[in-house]
Amino acid sequence: EDGLAGFFNAQMSRGIAEVSNLIEVALEDPNILVMATVGDKVDEDEIRNSLGAETFTVIRIDNPTERERAAIWAKLAQDHPSLRAFSTQKLVDYSKNMSRYDIEVAVHEALEDAYRLGMQKGEYIPLSIVNIVERLADHQPLDSTEYKKLEDVATEDFKKELENIDDILK
């Protein structure tokens, strides 16, 4: 096993070196535009030093603003009419600190969950706020205010279901 692991590490190291060399060559050529993405915790000077790049432009791609999230939810509601039943403002609030991609993935996962459940039961199951809340929560840090709000919504919905338990048991 150690021999195989060593082989893979050597191959990865060689691949990383090749990519690094390719980037260095590209940076030296004024006719080539190099674009790279990094996490938001990386220092610009650290990038400059590690790449040896004299000049480069940092383009920050931040999470969407409240207005941008409202536009995202409006577009999603246009594409998926079942989302129109929910408060756009609440969805905007619940998706704070999420990337555009994470919002869209959460919605598609919630829609797929409702669809799968409907297929299992052999009947139409509408998208519920709990479907959305659970999927949005998957993309929020556990210690965030937004996660707490989502947890509260799911808990409240569960309590409402328990209030009707007598009707179900009859």
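# A guided tour of an eight-helix chain

Begin by selecting Gly122, which lies just after H5 and takes a positive phi of about 70°. The model on display is a predicted one, and every value given on this tour is computed from it.

**The whole chain**

Zoom out to show the full protein chain, which has eight helices and zero strands. Followed along the sequence, its pattern reads α-α-α-α-α-α-α-α. Of its 170 residues, 23% count as buried. The accessible surface comes to about 12,900 Å², and carbon and sulfur atoms hold 54% of that area. Among contacts with a separation of 6 or more, those between residues 24 or more positions apart account for 58%.

**Helix H5**

Next, select residues 100–121, which form helix H5. This helix has 22 residues and extends 32 Å from its first C-alpha to its last, close to the 32 Å expected at 1.5 Å a residue. Which residues of H5 are buried? They are Ile103, Val105, Ala106, Val107, Ala110, Leu111, Asp113, Ala114 and Gly118. Display H3 and H6 as well, since both are included in what covers these buried residues of H5.

**Helix H6**

Move to helix H6, residues 129–137, and colour its buried residues: Val130, Asn131, Ile132, Val133, Leu136 and Ala137. What covers them includes helix H3 (66–79), helix H4 (88–94), helix H5 (100–121) and helix H7 (145–163).

**The nonpolar core**

The following stop concerns the interior. In soluble globular proteins, nonpolar side chains tend to be buried together. Here the largest nonpolar core has 23 residues, and those with the most contacts inside it are Trp73, Leu76, Leu83, Leu127, Ile132 and Leu136. At least two residues of this core come from each of H3, H4, H5, H6 and H7. H5 gives the most, with six residues.

Centre the view on Leu127, one of the core residues with the most contacts. Which residues does Leu127 touch, not counting those up to four places away in sequence? Its partners are Ser82, Leu83, Phe86, Ala110, Leu111, Ala114 and Ile132. Of these, Ala110, Leu111 and Ala114 are buried residues of H5, while Ile132 is a buried residue of H6.

**Salt bridges**

Now show the charged side chains. Side chains of opposite charge can pair when their charged atoms come close. In this model the count comes to nine salt bridges.

Select Arg135 and Glu109, whose side chains meet in a salt bridge at 3.5 Å, N to O. This pair links distant parts of the chain, with Arg135 in helix H6 and Glu109 in helix H5, 26 residues apart. Arg135 counts as partly exposed because its relative accessibility is 22%, and Glu109 is also partly exposed, at 25%. Extend the selection to Glu112, Asp113, Arg116 and Asp138, which are linked with Glu109 and Arg135 in a network of salt bridges. Asp113, a member of this network, is among the buried residues of H5.

Two further pairs each lie within a single helix. An α-helix has 3.6 residues a turn, so residues three or four places apart point the same way.

- In helix H3, select Asp79 and Lys75, which are four residues apart, about one turn of the helix. They form a salt bridge, and their closest N and O atoms are 2.9 Å apart. Asp79 is partly exposed at 40% relative accessibility, and Lys75 is partly exposed with a relative accessible area of 44%.
- In helix H7, select Asp152 and Lys148, which are separated by about one helical turn because they are four residues apart. Their closest N and O atoms are 3.0 Å apart in a salt bridge. Asp152 counts as partly exposed at 36% relative accessibility, as does Lys148 at 45%.

**A nonpolar surface patch**

For the last stop, turn to Leu27, Ile32 and Val34, which make a nonpolar surface patch of about 210 Å². Where is Val34 found? Val34 lies in the loop between helix H1 (2–28) and helix H2 (44–51). With 33% relative accessibility, Val34 counts as partly exposed.

Definitions and conventions: Residues numbered from 1 in each chain as written. Predicted model: local features only at pLDDT ≥ 70, side-chain atom pairs only at ≥ 80, totals over all residues. Heavy atoms only, no water. Patch = residues over 30% accessible without salt bridge, like charges linked within 9 Å, V, L, I, M, F, W, Y side chains within 5 Å. Areas by Shrake-Rupley, 256 points an atom, 1.4 Å probe, with all protein chains shown as cover. Salt bridge = Lys/Arg side-chain N within 4 Å of Asp/Glu carboxyl O. Buried < 20%, exposed > 50% of the residue type's maximum accessible area, 1.4 Å probe, protein only. Contact = heavy atoms within 4.5 Å. Core = buried A, V, L, I, M, F, W, Y, C linked by side-chain atoms within 4.5 Å. Expected span 1.5 Å × (residues − 1).
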